[in-house]
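Hi,

Here is the structure I promised to pass on. Have a look at it first, and then read my notes below.

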Amino acid sequence: MTDATVTDPVVIAGAAETKFARNSELMDLEFLAEGMRLALADAGIGKDDVNGLVLCAPVIPDDSSYMAEHFGFGANWVMKADYGGASPVVGMFRARRAIEAGEADVVVIVGGGNRLEFPERQHDVTGSPLDYMNRSWVLPYGYGGPNSSFGLVQRRHMAEHGTTIEQLGKVSTTFRRHAQLNENALLRDPLTLEDYVNSELISDPIRKYDCVMRCTGAVAVVLTRESIAKKSGRQPVYLGDSAEHHGHQVQEGSPDRLETGFVNIRDKLFANTAREDLDFLQLYDDYPIAILLQLEDLGFCEKGKGGQFLEETDFSIWGELPINTGGGLLSIGQPRLGGGLIPVVEAVRQLRGEAGARQLKDPKLGFVSSIGLIDYLSNLVVTAGLIVGKERFK
Amino acid sequence: MTKPMPTPVHWDRGFWNLAAQGILSAQRCQDCNHLQHYPRPACGKCLSPSRLWEHLSGLATVYSFTVVRRPFTPGFDDQSPFVLLDVLLDEGLRLLSRLKDESQAEGLGIGDRLRVSFQQIENGLHLPYFTKVNA
Ligand SMILES: [Zn+2]
């Protein structure tokens, strides 16, 4: 690392979400453009000062440079990120190092688009390894998508550890209370535990209010050096330790359904930051069971005790450990790969004191997680975490 | 709408050939002895291309299961709801499958004993399904 890493660290200069909607006539690229425009406006940085891009959109060969050209960027550094739901956050890690290495000065990271319709997944005959796995070993059985994968995980957790539907339901109902204070959340109607328990079964034991709702929209963040960010007068958000893991227990004949790759990176993530010092957690939440697994594997509670932890902890914005203060993806919606940045945007707002009615009292340190893809009979393929702070990290 | 069907490739042809004879098999690495499923282009432990198709007992237990009520895979709308099985084979491998006879779904539980039972699909391949058996 260069000296400038210390004297002029890489920060989050801007973060923004487009308006989310269930349906839209806009194309993927129109959403990405809008997300980037809003994030740059939030950063107070001009488009012509951007010289790096991380684009989180379905990967098409030889696409990165053309995408930059398409959006009118003369860039020094461009990449597409293809790490499932974790794409934009892992993309942030790449961008940070690129800026530190001097390859770029201002990088916009963006993900989002219109809704993905599933039959289009099978368009490619030669296919990626993911396509091969699905085509030959999963889809012929009439697999029900991520709802089924998490259904298998959740049933196993309930059987092995006595986790209850009510414990998991508290995740959905608490996040919904947060969403009621977030104007950009799509699901803002009151949700009681009774509503949750009685909601339609989708892939038992997964029910309707366990499932993230797909939507249209885009989310973007701008990374640059502190010195550049400060010129705009906006408060930068600092980046602490980060770590990612790809492929957990891949060599196991019978991988543990209930353990995620976070167990491999938690020591690194919390080497310089104590969990007790965190003012909030913003965790990628496509399902309540995903929140539970993250809390266990990140070391906030013992393995198997996640249900009990959820039951005993007040993780609302009024409680001791606020989680997903904006409502999480579960109540906000999942705008394609832009969903991975929703926890980042909420962290930025909280640290800047811009979270309005849901603002926590002077938070200084937070944690953001990201997860992507679910593997054949194991668990998450990509797990990533990042400490963010209001003040510069030592 | 046609159901998705497996397309055999160079590294998994042995599995489908044995399946046609009613035999469940998995890749056994000839260099490091690693046993793996689903089939991969090389050994996941040592990257060796050298493999044998080990015949498995076909006996297993239910590791987990889910009832699919909203299948998103085309061609399965008329079959829903149905049970999707996460199967633990006696040899220590897991695979995704289904009950051959959906009437066995009633009262199904984790730990129930299973036996493999193949079923031929439209493109001629034999797909492993499972039948609940008495312990
Ligand atoms: Zn080997």
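A definition to start with: accessible areas come from the Shrake-Rupley method with a 1.4 Å probe, and for residues only the protein chains shown count as cover. On that basis chain B has an accessible surface of about 6,200 Å², with 49% of it belonging to carbon and sulfur atoms. For chain A the surface is about 15,000 Å², again with 49% from carbon and sulfur.

Some housekeeping. This is a predicted model, in which local features need pLDDT of at least 70 and side-chain atom pairs count only at pLDDT 80 or more, while totals for chains, interfaces and linings use all residues. Residues are numbered from 1 along each chain as its sequence is written, chains are lettered from A and ligands numbered from 1 in the order in which they are written, and side-chain values use heavy atoms, with hydrogens and water left out.

Chain A

Chain A has 14 helices and eleven strands (helices are DSSP runs of H or I with at least four residues, strands are runs of E with at least two, and both are numbered from the N terminus). Its radius of gyration is 20 Å, which agrees with the value near 21 Å for a compact globule of 394 residues (taken over C-alpha atoms; the globule rule is 2.2 Å times the number of residues to the power 0.38). Along the principal axes, the C-alpha atoms fill a box of roughly 55 × 50 × 40 Å. Of the 394 residues, 61% count as buried (under 20% relative accessible area; exposed is over 50%, and partly exposed is in between, with a 1.4 Å probe and protein chains only). Of the chain A contacts with a separation of 6 or more, 76% are between residues 24 or more positions apart (a contact means heavy atoms within 4.5 Å).

Chain B

Chain B has one helix and eight strands, in the order α-β-β-β-β-β-β-β-β from the N terminus. Its radius of gyration is 16 Å, close to the 14 Å from the globule rule for 135 residues, so chain B is as compact as a globular protein of that length. The C-alpha trace spans about 45 × 35 × 25 Å along its principal axes. Buried residues make up 50% of chain B, and residues 24 or more positions apart account for 51% of its contacts with a separation of 6 or more.

Where the chains meet

What covers helix 5 of chain A? Its buried residues are covered by elements including helix 1 (13-20) and strand 6 (94-98) of chain B. Eight of the ten residues of helix 5 (129-138) are buried, so this helix is largely enclosed by the rest of the structure. Those eight are A:D131, A:Y132, A:M133, A:N134, A:R135, A:S136, A:W137 and A:V138.

From the other side, the buried residues of helix 1 of chain B are B:G14, B:F15, B:W16, B:L18 and B:A19. They pack against helix 5 of chain A, together with strands 1 (25-29), 3 (51-55), 7 (113-120) and 8 (126-132) of chain B. After helix 1 comes B:G22, with a positive phi near 80°.

Acidic residues to look at

B:D12 sits in the segment before helix 1 of chain B. B:D12 is buried yet has no salt bridge, and the nearest side chain of opposite charge, B:R13, is 5.9 Å away (a salt bridge needs a side-chain nitrogen of Lys or Arg within 4 Å of a carboxyl oxygen of Asp or Glu; Lys and Arg count as positive, Asp and Glu as negative, and His and the chain ends are not counted). Leaving aside neighbours within four places in sequence, B:D12 contacts A:Y132, A:W137, B:T7, B:P39 and B:W53.

A:D286 is in the loop between strand 9 (280-282) and helix 11 (288-297) of chain A. A:D286 is buried without a salt bridge too, with A:R214 the nearest side chain of opposite charge at 8.6 Å.

Buried or exposed: which is A:E296? A:E296, in helix 11 of chain A, has 1% relative accessibility and so counts as buried. A:E276 lies in the loop between helix 10 (262-269) and strand 9 of chain A, and at 68% relative accessibility A:E276 counts as exposed.

Cheers
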